[in-house]
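Please open the model in your viewer and keep the selection tool at hand. The tour below goes from stop to stop, saying what to select and what is found there.

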Amino acid sequence: MNYDVAIVGAGPAGAIAAKYAALNGASTLLIEEHASIGSPVQCTGLISTAALRECEIGEGSYVLNRMKGAFVYAPNGEELCVQGKDVKAYVIDRKIFDRALAERSLDAGVDMLLKTRFIGTEKGKITVMSSGEKKEIHTGIVIGADGIQSSVGRAAGLPRCEKFLSGIQFEAPYNAKDPEFVEIFTGNDIAPGFFAWAVPFNGLARIGLAKNPGVPARYYLEKLLKHPVVASRHRGSRTEFVLGGIPLGPPKKTATDSVMLVGDAAGQVKPTSGGGIYMGAVCAKIAGEVAARASRKEALPEEYEKRWRGAVGRELAIGMRIHKSLGKLSDENLNEFISFLNKPDIRDAIAEYGDMDHPSILLQKLITSGNKKQLIKLLGVAFKTLI
């Protein structure tokens, strides 16, 4: 088996990288260790409108709901309503979504192997276990799109991400206050270092949280279910349990002379929300194109490193600083911060400039609107590095 480019992992980043490698003239193989695309699901399934555009796929049967805003709850129960002027995000079925992206790569001429697990890499080839049989695939360039525990990254000796959150989620019947609004819950008793959520669709909701490492996420999930808002709306059963991790902070290096990492494997995840599809899609296109050119000796894989960091590196760095700053807040500080955001002029700025994928835009508007001193007071010394 001989291919110019081999991609390990057929999630969104892998499928898009494969498509772009093929579109740029490379013979391309996409391998997936599971028996079907999109399983198991390890995602909230809430993506921005920009992410859907970046995936070049349009709205399809995988769209379960359209979201226009969010209710954010402070630890003391204060509600902040953030509403956009139009649809801001989609709730999607990740299984159908991932399969649609994989189909696009097949349409571009990509070959695919399911039930194929990456074992290792040497110069000019990778070793896999495919349907119980050990095989060698000769390839010039390998793209690791194999998630948070990236076997490709480990085999290539690339460093790991800066931080990993642990997450848990399930689906259940839910009486949402407004089915077009996500519900966000903050507080160190519920989700230390991050936040919890209820994402409504079709009379159900995905209820879950992500948190700093330490006490198991399931412990905090039980506390979330006792939150007055959740307890009043959750109608009992639990299905579609998901356990997983969220990588934050890209490693210092994501490419060697023959290997590139993309998506979760490269920590290309928004530290403010934990979403990775938008950033992963942007970087996957670069990875696929550079890999195709590198296979013809027209580029070096290191070009990918420079270009993806130029495209989203600053946004990820700012997002990481925001994440660290918010993660240091006590519940009292969080109450004060959400009360600050609840001021009419601040809510208007959020509605006008809020962007799931580019939080730095809103941050800059808040700073220039005369709120700089209060932001520093609320978020502490860490925020000074942003200003």
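A polar contact is a pair of N or O atoms within 3.5 Å; within protein, one atom must be able to donate a hydrogen and the other to accept it, and residues adjacent in sequence count only if both atoms are side-chain atoms. This is a predicted model, in which local features need pLDDT of at least 70 and side-chain atom pairs count only at pLDDT 80 or more, while totals for chains, interfaces and linings use all residues. Residues are numbered from 1 along each chain as its sequence is written, and side-chain values use heavy atoms, with hydrogens and water left out.

**The whole chain**

Begin with the protein chain in cartoon view, where 11 helices and 17 strands can be found; helices (H or I, at least four residues) and strands (E, at least two) are DSSP runs, numbered from the N terminus. Switch to the C-alpha trace, which spans about 60 × 45 × 40 Å along its principal axes. The radius of gyration of the protein chain is 21 Å, in agreement with the value near 21 Å that a compact globule of 387 residues would have; the radius is taken over C-alpha atoms, and the globule rule is 2.2 Å times the number of residues to the power 0.38.

Colouring by accessibility comes next: 53% of the 387 residues of the protein chain count as buried, where buried means under 20% relative accessible area, exposed over 50%, and partly exposed in between (1.4 Å probe, protein chains only). Of the contacts in the protein chain with a separation of 6 or more, 70% are between residues 24 or more positions apart, contact meaning heavy atoms within 4.5 Å.

**Histidine 227 and valine 230**

Select histidine 227, in the loop between helix 5 (217-224) and helix 6 (228-233). Is histidine 227 buried or exposed? Histidine 227 counts as buried because its relative accessibility is 11%. Show its side chain, and a polar atom there is found 3.1 Å from the backbone nitrogen of valine 229. When neighbours within four places in sequence are left aside, histidine 227 is in contact with Phe185 and Ile190.

Move on to valine 230, which is found in helix 6 and, at 1% relative accessibility, counts as buried. Beyond the neighbours within four places in sequence, its contacts are with Tyr174, Phe185, Leu224 and Leu225. For a distance across the fold, pick the C-alpha atoms of valine 230 and tyrosine 73: 157 residues apart along the chain, they are separated by 11 Å.

**Glutamine 169 and proline 216**

Glutamine 169 lies in strand 12 (residues 163-173) and is buried, with a relative accessibility of 6%. Which side chain shares a polar contact of 3.5 Å with the side chain of glutamine 169? The partner is threonine 44. Displaying the surroundings of glutamine 169, without its neighbours within four places in sequence, brings up contacts that include Cys43, Trp197, Arg206, Glu240 and Phe241.

Proline 216 is the next selection, in the loop between strand 15 (204-211) and helix 5; with a relative accessible area of 57%, proline 216 is exposed. Its C-alpha atom and that of isoleucine 168 are separated by 9.4 Å, although the two residues are 48 apart along the chain.

**Two residues with positive phi**

Most residues other than glycine have a negative phi. Against that background, select glutamate 56, whose phi is positive, at about 55 degrees, although it is not a glycine. Glutamate 56 is in the loop between helix 2 (49-54) and strand 4 (63-67), and its relative accessible area of 38% makes it partly exposed.

Lysine 297 also has a positive phi, near 65 degrees, and is found in the loop between helix 7 (277-295) and helix 8 (302-327). At 74% relative accessibility, lysine 297 counts as exposed.

**Glutamate 302**

End the tour at glutamate 302, in helix 8, which counts as partly exposed at 37% relative accessibility. Apart from neighbours within four places in sequence, glutamate 302 is in contact with Thr256 and Asp257. Draw a last C-alpha to C-alpha line from glutamate 302 to valine 152, and the distance is 16 Å, for residues 150 apart in sequence.
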